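Please walk me through this protein structure, beginning with the whole chain and ending with a single helix.

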Amino acid sequence: MSTAPAAARPRVVVVGGGFAGLAAVRELSRDDVDVLLLDRNPYTTFQPLLYQVATGGLNPGDVTFALRAYSGRYRNVRFRRTAVTGLDTAGRQVLCADGTRERYDALVLSPGVTANFFGVPGAEQNARTIYSRREAIGVRDAVLANLELFAQGRPEAKEPVTVVVGGGPTGVEMAGALAELRNAALPVAYPEVDPARARVVLVEMTDSLLAPFVPRLQRYTARELRRRGVELRLGTAVEEVRPDGVRLSDGEELACAATVWATGVKVADDVRDWGLPQGRGGRILVEPDLRVVGHDRVFAVGDAAAPADGEPPPQLAQPAIQEGRHAAEQIRRLLAGETTEPFSYRDRGIMATIGRTAAVVQLPWGPRFGGFVAWIAWVVLHIVTLIGNRNRLATMTNLSVRYLAWPGSLNVIVGDPPE
């Protein structure tokens, strides 16, 4: 197959370097097109392991990979760091924060999502999230720096309690890791602190954890968290988040050093300026082939997209990867003058870890199990899915130390005081 001159090749712009965006880039790298990847950050983040960064188990560099290094793998891909401020779909241009415009023949939008605080008073101002590298480091610093102050008996120290809001995978994994940090590290590194004071409280407004899982695995998760010392407040909502605590719907007030918000996501508010149709949670509405409603050369994929009709796939890595790949395949068909095909999600199962030797796995064809085997499967899958051998090696080493060598090889990362 002959290669057209670079100037004559179609130009595809991909906005967002997450799971969906990178899947699209990888698929398009095989085609006779020029691909431009845009992202406000110079790196991609492996979000499923950010809770490990937030609890000091992994370094930030273990779960990030430079987008310039990623684009450099492919002859027809380049990266530009910029924020997108708008779209000129009539002129087929992407508007960038520095006032420049990037022309496209086809566009893939994968802007990702951010926390949804659902209008809870004080949540946006006082709660912390772990949807980005910076946010995860902020949680780590808030929890561990306060623990250091508390151990010293400093008057500015807050009660060493962490409240995790949300009983989905992120909330469960965060609560489990915090409890194990307390159980293994505290007696060795902070003998001055009574472990009973360093509480971990998980608040979930429904009556069960991990809603997508079957009841048996939900009960197993709750039992394992309680065994690790996590206090569960099921069927309870957060009515207010304060700088030093939360108020719950049953009237209880909990003083805490940090409130970690892990319940619900939405598309960032600035996407509204792009002039595209949006649905619940700000998600961009798409046709069955993933083209944005009313726009024949614009695709939306990943957590920020939802079908105009029907139920969206879960906001997880695997659906995002499949959507990114599908969008790239449809661009290939469009450029060849062929008709597009509808997207069909292939469910490959879901999993969540609770802590050392405990996880849950639910596969679509039947097997549903928890325990050590599920935990090994979770660890292996997450290490393999990371980008770059350095990241895989560093993560495998650090997780091995955390789960196999504590507390004998204890190394607690002390957070800087939050600014």
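In this predicted model, the radius of gyration of the protein is 22 Å, and because a compact globule of 419 residues would have a value near 22 Å, the two agree. The C-alpha trace, followed along its principal axes, spans about 70 × 45 × 40 Å. Within these dimensions the secondary structure comes to 10 helices and 24 strands.

Turning to the interior, we find that 51% of the 419 residues count as buried, a term that here stands for under 20% relative accessible area. Among the contacts with a separation of 6 or more, 63% are made by residues that lie 24 or more positions apart.

On the outside, the accessible surface comes to about 18,500 Å², and carbon and sulfur atoms account for 51% of this area. The protein carries 48 positive and 46 negative side chains, with the centres of the two sets lying 5 Å apart.

One helix, α8, can now be followed in detail. It is formed by residues 317-335, and the distance from its first C-alpha to its last is 27 Å, close to the 27 Å expected for its 19 residues at 1.5 Å a residue. The buried residues of α8 include Pro319, Ala320, Ile321, Gly324, Ala327, Ala328, Ile331 and Leu334. An α-helix has 3.6 residues a turn, so residues three or four places apart point the same way. The partners against which the buried residues of α8 pack are the helix α1 (19-28) and the strands β1 (11-15), β9 (106-109) and β20 (298-300). After α8 comes Gly337, which has a positive phi, near 80°.

Notes
Residues numbered from 1 in each chain as written. Heavy atoms only, no water. Helix = DSSP H or I, 4+ residues; strand = E, 2+ residues; numbered from the N terminus. Rg over C-alpha atoms; globule rule 2.2 N^0.38 Å. Buried < 20%, exposed > 50% of the residue type's maximum accessible area, 1.4 Å probe, protein only. Contact = heavy atoms within 4.5 Å. Areas by Shrake-Rupley, 256 points an atom, 1.4 Å probe, with all protein chains shown as cover. Lys, Arg positive; Asp, Glu negative; His and termini not counted. Charge placed at Lys NZ, Arg CZ, Asp CG, Glu CD. Expected span 1.5 Å × (residues − 1).
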